[in-house]
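Got your viewer ready? Please load the model shown below and keep the selection tool at hand.

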Amino acid sequence: MASYIEAQGFNVALLENNPNVKNNPLYLSWLASTQAEDAMQTLATLKKHNIKKMTLLVVDHYSLDSVWESQFQGCSKQLLVIDDLADRQHQCDMLLDQNIVPSYLTRYQPLLPKHCKTFLGLNYALLREDFYHYKKKVKVRTELQRLFVFFGGVDKDNMTLTCLKAISSQLPLLDIVRVIVGSANPHKREIEDFCKDYENCFYAEQVSNMAELMLNSDLAMGAGGTTTAERIFLGLPCLVYAIADNQYLISKSLGALGWIDFMGKMQRFEAHKLQDILSAYLSAPSLIERKSTQLLSATQDHVEHFIAQILKADNSRKHLI
């Protein structure tokens with residue numbers, strides 16, 4: 001992703017891996033070093049680039065916690081942590097978790113310093129500016145004609161093709177099927193070849209107009225990652241699979257609210273279950289209309305950019321929910 005980020009006009013500094021680091025459990029293995037080593041490398045990189053004082057330092061990594069964050073208290077006016085696990089202590093000024101799970105309003109309380117402000121729930125979803133632009137143009141979907149398929153930037157387990165093959169007999173019943181993959185998808189050529197067999201199936205790679213494509217769709221099929229908030233924001237009904245452990249509880253909670261159709265873990269994929277729910281939406285347009293109306297009602301008050309809310313936040317308010 002480094003070259004892609006640089007292509008968008010941002011500076012990127014990569015840290016070195018430590019080949020001698022021992023295998024750590026769970027997400028700690030993603031760091032490829034100890035937290036102390038990573039902090040030292042980061043501080044050295046900041047010094048190298050003559051960055052002495054930051055306005056806002058954003059930390060988004062499951063392997064980092066208060067051990068790492070405490071090393072940067074004097075380097076930035078504010079430190080913002082993005083998390084959705086609520087499984088470790090943090091030393092930060094602000095914390096963002098845009099997901100809704102049981103006890104999402106209270107589960108971070110024992111993990112944060114008293115002065116920390118929290119931004120919890122879908123009202124604080126991280127969205128690009130074009131989503132706010134297209135939000136003004138959203139209308140209630142009234143029938144299923146256009147299907148949107150996207151399982152994230154990598155989709156190493158190829159859920160994209162698994163789902164497409166499962167509904168191959170139903171694809172001709174749709175006007176348009178848009179299949180989106182990331183440039184890092186290891187199965188993209190196979191997916192592209194599959195799409196060529198259907199006149200209404202359009203393949204695209206690493207698109208920049210995701211919001212526009214979602215706006216012009218009636219139903220989405222994909223993973224339970226950050227794209228879920230984007231789909232909900234644009235009132236797009238969606239069939240969601242958990243393709244990673246950290247997606248399960250979040251997706252299950254949104255399914256219980258009726259905001260998504262949670263299809264379960266990808267390891268328990270059932271072709272007939274996907275076929276049945278797609279048939280239901282095709283034969284009963286009112287189901288699409290009801291779901292779309294519900295989603296738009298849930299997000300109608302979300303009109304201001306999240307980052308603007310952070311920068312304007314009154315320091316006297318601890319919880320902004």
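What follows is a tour in seven stops, each with something to select and a note on what is there. Keep in mind throughout that this is a predicted model.

**Stop 1: the start of the chain**

Begin by selecting Met1, which sits in the segment before helix H1 (2-7). Its relative accessibility is 69%, so Met1 counts as exposed. Now add Tyr4, Ile5 and Phe10 to the selection and switch on a surface. Together with Met1 they make up a nonpolar patch on the surface, with about 440 Å² of accessible area between them.

**Stop 2: the largest nonpolar core**

In soluble globular proteins, nonpolar side chains tend to be buried together. To see this here, select Phe148, Leu234 and Leu254. The largest nonpolar core has 34 residues, and these three touch the most other members. Which elements each supply at least two residues of this core? Colour them one by one: helix H4 (129-135), strand S5 (146-150), helix H7 (210-215), helix H8 (227-233), strand S9 (238-242), helix H9 (245-257) and helix H11 (285-298). H7 gives the largest share, with five residues.

Next, keep Leu234 alone and show what surrounds it. Beyond the residues up to four places away in sequence, Leu234 touches Phe131, Tyr134, Lys135, Val138, Arg141, Ala211, Met214, Leu215 and Leu296. Separate from the largest core is another one, of 33 residues, and its members include Val181, Tyr203, Met263 and Leu278.

**Stop 3: helix H6 and its buried face**

Select residues 188-195, which form helix H6. Which of its residues are buried? Highlight Lys188, Ile191, Phe194 and Cys195 for the answer. Then turn the view until you look down the helix axis. The buried residues of H6 fall within an arc of 120°, so they line one face of the helix. To find what covers these buried residues, show helix H5 (159-166), strand S6 (176-181) and strand S7 (201-205), which are among the covering elements.

**Stop 4: Lys188 and its partners**

Stay in helix H6 and pick Lys188. With a relative accessible area of 18%, Lys188 falls under the 20% cut-off and is therefore buried. Leaving aside neighbours within four places in sequence, its contacts are Val181, Gly182, Ser183, Tyr203 and Glu205.

Draw a distance between the side chains of Lys188 and Glu205. The two form a salt bridge, and their closest N and O atoms are 3.0 Å apart. Since Lys188 belongs to helix H6 and Glu205 to strand S7, the pair ties together parts that are 17 residues apart in sequence. Glu205 has 30% relative accessibility and so counts as partly exposed.

**Stop 5: Ser183, next door in the contact list**

One of the contacts of Lys188 is Ser183, so it makes a natural next selection. Ser183 is in the loop between S6 and H6, and its relative accessible area of 39% makes it partly exposed. Outside its neighbours within four places in sequence, Ser183 is in contact with Gly153, Lys188, Glu205 and Gln206. For a sense of scale, select Lys47 too: from C-alpha to C-alpha, Ser183 and Lys47 are 33 Å apart in space, and they are 136 residues apart in sequence.

**Stop 6: more salt bridges**

How many salt bridges does a search of the whole structure find? The search gives twelve. One of them joins Lys196 to Asp193, with the closest N and O atoms 3.9 Å apart. Lys196 is exposed, at a relative accessible area of 61%, whereas Asp193 is partly exposed, at 45%.

Now move to Asp261 and Lys291, whose side chains meet in a salt bridge of 3.8 Å, N to O. Asp261 lies in strand S10 (residues 261-265) and Lys291 in helix H11, so this pair ties together parts that are 30 residues apart in sequence. Are these two partners buried or exposed? Asp261 counts as buried at 15% relative accessibility, and Lys291 is buried too, with a relative accessible area of 12%. Finally, select Lys188, Arg189, Glu192 and Glu205 together: salt bridges with shared partners join them into one network.

**Stop 7: Pro285**

End the tour in helix H11 by selecting Pro285. Pro285 counts as partly exposed, at 34% relative accessibility. Apart from neighbours within four places in sequence, it is in contact with Thr142 and Glu143. Draw a last C-alpha to C-alpha distance from Pro285 to Glu143: the two are 4.4 Å apart in space, and 142 residues apart in sequence.

Key:
Residues numbered from 1 in each chain as written. Predicted model: local features only at pLDDT ≥ 70, side-chain atom pairs only at ≥ 80, totals over all residues. Heavy atoms only, no water. Patch = residues over 30% accessible without salt bridge, like charges linked within 9 Å, V, L, I, M, F, W, Y side chains within 5 Å. Areas by Shrake-Rupley, 256 points an atom, 1.4 Å probe, with all protein chains shown as cover. Salt bridge = Lys/Arg side-chain N within 4 Å of Asp/Glu carboxyl O. Helix = DSSP H or I, 4+ residues; strand = E, 2+ residues; numbered from the N terminus. Buried < 20%, exposed > 50% of the residue type's maximum accessible area, 1.4 Å probe, protein only. Core = buried A, V, L, I, M, F, W, Y, C linked by side-chain atoms within 4.5 Å. Contact = heavy atoms within 4.5 Å. Arc of directions from axis to C-beta.
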